[in-house]
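User: Please take a close look at one part of this model. Describe it step by step, in terms that a first-year student can follow.

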Amino acid sequence: METVMDTIRHYENLFEDYSISVSHNIIENNSDMIHNEFKSLLTSEIKKLMKTLKENETKWYNNGDYSVYTGSAGIAFTFYHYGRYYNDSAYIKAATELLRKCTTDFKSKHKITFLTGIVGPLALAAVILYSQGKKEEIEQLIFKLKSLSIYVLDKHNDIPDELLYGRAGYLASLLYVNANISPAPIEADLITKVISYIIKRGISYSLSNRCQSPLMYSWHQKEYIGGAHGLAGILYLLLQAQHYLTQVQIDNYLKPSLYYLQRLQFSSGNFPSSIGNPSDKLVQWCHGAPGISILFCLAHKIFEDSTFLDTAIQCGEIIWERGLLKKGYSICHGVAGNGYTFIYLFQQTKDIKYLYRACKFAEWCFHYGSHQNRCPDRPFSLFEGLAGVIYFLLDVQQPHLAKFPTYNI
């Protein structure tokens with residue numbers, strides 16, 4: 001496929017790439033640990049950014065948005081992450097209170113995804129309250145979460161299947177609850193039904209539209225392939241639910257869909273945002289190489305197919321080259337989200353180069369707000385703004401344990 005490239009979307013990456021000499025104050029010698037000097041720099045920047053976030057409380061608290069994606073539930077998620085990392089109970093308490101408000105005041109009961117729907121606040125509140133032993137309250141939250149499955153599995157409802165607004169986003173909330181509460185409160189039967197329905201829909205669409213991939217989905221009349229709206233995001237959630245999958249589902253549908261995705265990679269290492277789109281311009285988690293690199297890291301971990309790791313590594317090269325986005329710092333379509341790619345490549349390959357690169361993208365985020373050509377609509381939120389940058393910087397401090405929020409369960 002002929003590609004059309006737009007070079008205006010990113011700043012030139014002037015960081016020197018990894019070598020032992022340039023990384024001496026960033027990575028500990030002969031180890032895969034971050035140098036204490038850089039760690040203390042991270043802490044100092046995180047505290048500064050958290051102060052800014054708290055000082056702007058009136059701006060994010062009263063906007064009527066209770067979602068994880070752009071609302072106060074996402075900010076609560078960052079508070080919880082911060083409180084756990086620094087062992088600061090005040091932030092965990094603040095997160096708990098904020099999530100209680102989100103679960104009661106959330107307006108639309110028909111938004112069913114972790115990121116944009118009520119299931120995100122329900123799942124997060126249940127997990128936080130589990131750590132506090134609030135059994136009765138947890139049961140009510142889980143009941144509400146499970147009861148939405150009637151709507152999710154109703155074939156008459158026009159729900160898409162992607163992560164941001166669709167069934168994969170509901171699956172994410174079920175998996176998140178079971179991964180963090182013991183014994184797992186969501187029955188395997190419900191998870192299997194949701195998975196089977198997502199796969200059935202992908203097969204049906206693929207057959208009726210004669211797609212080359214055995215699974216394919218559309219959103220707004222486009223066959224997207226990225227993390228937020230497309231095939232990559234759906235496959236990533238399905239692979240994380242591998243224990244609920246049959247061997248037939250894996251062999252006949254998931255693996256061939258992964259091989260199909262590989263064939264769409266541009267020579268640059270990037271991916272188109274949708275099938276048939278020749279534009280090689282979006283290098284961000286929601287569309288393009290970053291979300292797809294994370295998928296292929298997991299695919300390599302599960303299937304041990306070296307071509308999957310090759311695909312992920314090629315993505316990493318274009319992200320290093322073109323990942324310092326003029327659009328801003330966010331985890332959805334900014335530098336912090338792109339930085340997560342290097343954390344996953346480091347986790348999968350153990351190559352220090354990727355840890356160093358993640359640190360350099362973190363360093364870019366220290367100057368939050370100074371390198372961007374537009375201010376996000378929700379400038380303090382988890383996926384579009386400051387809360388997400390704080391979340392990423394916390395994860396850089398603990399790269400072996402880091403997880404892209406709500407994407408990696």
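Analyst:
**A close look at one site**

Leaving out residues up to four places away in sequence, His-333 touches Tyr-69, Gln-284, Cys-286, Leu-325, Lys-327, Arg-374 and Glu-384, where contact means heavy atoms within 4.5 Å. The model is predicted, so local features need pLDDT of at least 70 and side-chain atom pairs count only at pLDDT 80 or more, while totals for chains, interfaces and linings use all residues. Residues are numbered from 1 along each chain as its sequence is written, and side-chain values use heavy atoms, with hydrogens and water left out.

His-333 belongs to the loop between helix 13 and helix 14; helices are DSSP runs (H or I, at least four residues) numbered from the N terminus. With a relative accessible area of 13%, His-333 is buried (under 20%, against over 50% for exposed and in between for partly exposed; 1.4 Å probe, protein chains only).

An unreviewed UniProt entry places the feature "binding site" at His-333 together with Cys-286 and Cys-332. The three positions span 48 residues in sequence, yet no two of their C-alpha atoms are more than 6.3 Å apart, so they gather at one spot. Such an annotation may be inferred rather than shown by experiment.

Cys-332 is likewise found in the loop between helix 13 (306-322) and helix 14. Its relative accessibility is 2%, and therefore Cys-332 counts as buried. When its neighbours within four places in sequence are set aside, Cys-332 is in contact with Tyr-69, Gln-284, Trp-285, Cys-286 and Phe-383. Tyr-69, Gln-284 and Cys-286 thus appear among the contacts of both Cys-332 and His-333. By contrast, Trp-285 and Phe-383 are listed for Cys-332, whereas Leu-325, Lys-327, Arg-374 and Glu-384 are listed for His-333.

Cys-286, the remaining annotated position, is buried too, having a relative accessible area of 5%. Which cysteine sulfur is closest to that of Cys-286? It is the sulfur of Cys-332, at 3.7 Å. Why is there no bond between these two sulfur atoms? They are too far from each other, because a distance of 3.7 Å exceeds what a bond allows: a disulfide is a pair of cysteine sulfur atoms within 2.5 Å. A search of the whole structure likewise finds zero disulfides.

To bring the picture together, Cys-286, Cys-332 and His-333 carry the "binding site" annotation in the UniProt record. Cys-286 is buried, as are Cys-332 and His-333. Both Cys-332 and His-333 are in contact with Cys-286.

Methods. Helices (H or I, at least four residues) and strands (E, at least two) are DSSP runs, numbered from the N terminus.
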